[in-house]
Amino acid sequence: MKNFFSVADVTNLKSVVDEALSLKANPFGHEDLGKHKTIGLVFLNPSLRTRLSTQKAAMNLGMQVIVMNMDKDGWALETRDGVIMNGTTVEHIREAAAVMGEYCDILGLRSFPSLKDKEADYTEDLFNKFVKFAAVPVVSLESATRHPLQSLTDLITITEHKKTNKPKVVLAWAPHVKALPQAVPNSFAEWMCKAQEEDLVDFTIAHPAGYELSEEFTEGAKITNKLDEALADADFVYVKNWSSFKEYGEVYPVAENWMMDNEKLKLTNDAKVMHCLPVRRDLELSSEILDGPNSLVIKEAGNRVWAAQVVLKRLLEGLK
Ligand code: CP
């Protein structure tokens, strides 16, 4: 593995999940692999789970970890080429990424989308520039369009908790008060569509009209605007809000109730409920579900370590 940006960086989903679960069973079995290697985790946006789980995964592999909160502690970054830097930006991404590549063997980058410039976001302008100038392997800690460490975690969690060979998995849009990126649902859809191709899941997406995801991520998924129909016989419900892709970053009012609660859970096959977190209680997902026996959100967050560890292990093996 040279970089980790999307599901395309993994050839066989079952094999990467199996390897992650074997690392979970034996976390320190490869602690010499990262000896004298340094990972730099660069955050342009806030994080709890991604930051701590990736740090822990790197430490389990014997790596040194540097965390840079670029949004708070770094110089204001310029990402455009050909501009005279006589405004508020102080350092160009060309130098910043190259310098961090001098200090680190592997870099991780979190860079959320603007939700204003669809083309820059969906061509992954910032992330691709960082990869180009860093000159070392880069792992996505969530980019403008994808959150692959989260999606790998979700597949690991589904694999651990499934009761049938091919569970029905539903990605269900949920209400929110803010315009959120499409990165988590895009990425979840992309990974579940590939899992469906490998006969591991049966995948449905439910969202109100106007919240269609880019077709780039949803090929093969069943898509419906009727939540109740989607929930019938569901084994896993993955709850997430996102803003409109078509009218980029817009939020439309939705009259029907799309928040998952115990009433809606009755429509399912006693489904396990997932969310990447952070979650707004009783807005996106009911407290009764979050505090009840069907919630997987804490176990899911715990599995972030094993997703990060299998990816870092493969990147370290690629350095040799
Ligand atoms: N799910 C997730 O990525 O959490 P953080 O934003 O806290 O890292």
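The following exercises, each with a worked solution, concern a predicted model.

**Exercise 1. The two domains**

Task: State which domains the chain has, how many residues of each are in contact, and which elements contribute to the side of domain 1 that touches domain 2.

Solution:
- Step 1. The domain assignment divides the chain into domain 1 (7-146 + 304-319) and domain 2 (150-301).
- Step 2. The distance between the C-alpha centres of domain 1 and domain 2 is 25 Å.
- Step 3. Contact between them involves 21 residues of domain 1 and 22 residues of domain 2.
- Step 4. On the side of domain 1 that touches domain 2, the elements giving two or more residues are α1 (13-25) and α13 (304-319). The largest share, six residues, belongs to α1.
- Step 5. Sorted by class, this side of domain 1 has twelve nonpolar, two polar and seven charged residues.

**Exercise 2. The shell around the ligand**

Task: Identify which residues surround the ligand and describe the shell by class and by domain.

Solution:
- Step 1. The residues that surround the ligand are Ser47, Leu48, Arg49, Thr50, Glu142, Gln150, Cys276 and Leu277.
- Step 2. The classes in this shell are three nonpolar, three polar and two charged residues.
- Step 3. Domain 1 and domain 2 each supply at least three residues to the shell.

**Exercise 3. The five-stranded sheet**

Task: Determine the strand order of the open sheet of five strands, and explain why β9 and β11 each have one side without a neighbour.

Solution:
- Step 1. The order is β9-β8-β7-β10-β11, and the pairing is parallel.
- Step 2. Strands β9 (222-224) and β11 (272-274) are at the edges; each has a single partner strand, so one side of each lacks a neighbour in the sheet.
- Step 3. From one strand to the next, the twist averages 20°.
- Step 4. Helix α7 (residues 148-161) lies across β7, β10 and β11, and its direction is at about 170° to that of β11.
- Step 5. Helix α8 (residues 183-197) also packs on the sheet, where it touches β7, β8 (202-206) and β10, and it makes an angle of about 155° with β8.

**Exercise 4. Strand β7**

Task: Describe how strand β7 pairs with β10 and β8, and decide whether its residues are buried or exposed.

Solution:
- Step 1. Strand β7 (residues 168-173) pairs with β10 (residues 236-240) in the parallel sense over five bridges. In this pairing, Ala172 is opposite Val239 in β10.
- Step 2. Strands β7 and β8 also run parallel and are joined by five bridges. Here Val169 has Phe203 of β8 as its bridge partner.
- Step 3. In a regular strand, side chains alternate between the two faces of the sheet. In β7, Lys168, Val170 and Ala172 point one way, whereas Val169, Leu171 and Trp173 point the other way.
- Step 4. Six of the six residues of β7 are buried, so the strand is largely enclosed by the rest of the structure.

**Exercise 5. Two acidic side chains**

Task: Locate Glu229 and Asp199, and decide whether each is buried or exposed.

Solution:
- Step 1. Glu229 belongs to helix α9 (residues 227-231), while Asp199 is in the loop between α8 and β8.
- Step 2. The test for an exposed residue is 12 or fewer other C-beta atoms within 10 Å.
- Step 3. Glu229 has 12 C-beta neighbours inside 10 Å and therefore counts as exposed.
- Step 4. Asp199 has 10 other C-beta atoms within 10 Å, so Asp199 is exposed.
- Step 5. From C-alpha to C-alpha, Glu229 and Val251 are 24 Å apart in space and 22 residues apart in sequence. Asp199 and Met85 are 52 Å apart in space, C-alpha to C-alpha, and 114 residues apart in sequence.

Terms used
Residues are numbered from 1 along each chain as its sequence is written. This is a predicted model: local features need pLDDT of at least 70, side-chain atom pairs count only at pLDDT 80 or more; totals for chains, interfaces and linings use all residues. A residue is near a molecule or strand if its C-beta atom, placed from the backbone, lies within 6 Å of it. Ala, Val, Leu, Ile, Met, Phe, Trp, Tyr, Cys and Pro count as nonpolar, Asp, Glu, Lys and Arg as charged, and the others, Gly among them, as polar. Domain bounds come from an automatic or database domain assignment. Two strands pair if DSSP finds at least two bridges between them. Helices (H or I, at least four residues) and strands (E, at least two) are DSSP runs, numbered from the N terminus. Axes are lines fitted to C-alpha atoms, for helices over the stretch in contact, and angles run from 0 to 180 degrees between N-to-C directions. Two residues are in contact if their C-beta atoms, placed from the backbone, lie within 7 Å. A residue is buried if 20 or more other C-beta atoms lie within 10 Å of its own, exposed if 12 or fewer, and partly exposed in between; C-beta atoms are placed from the backbone.
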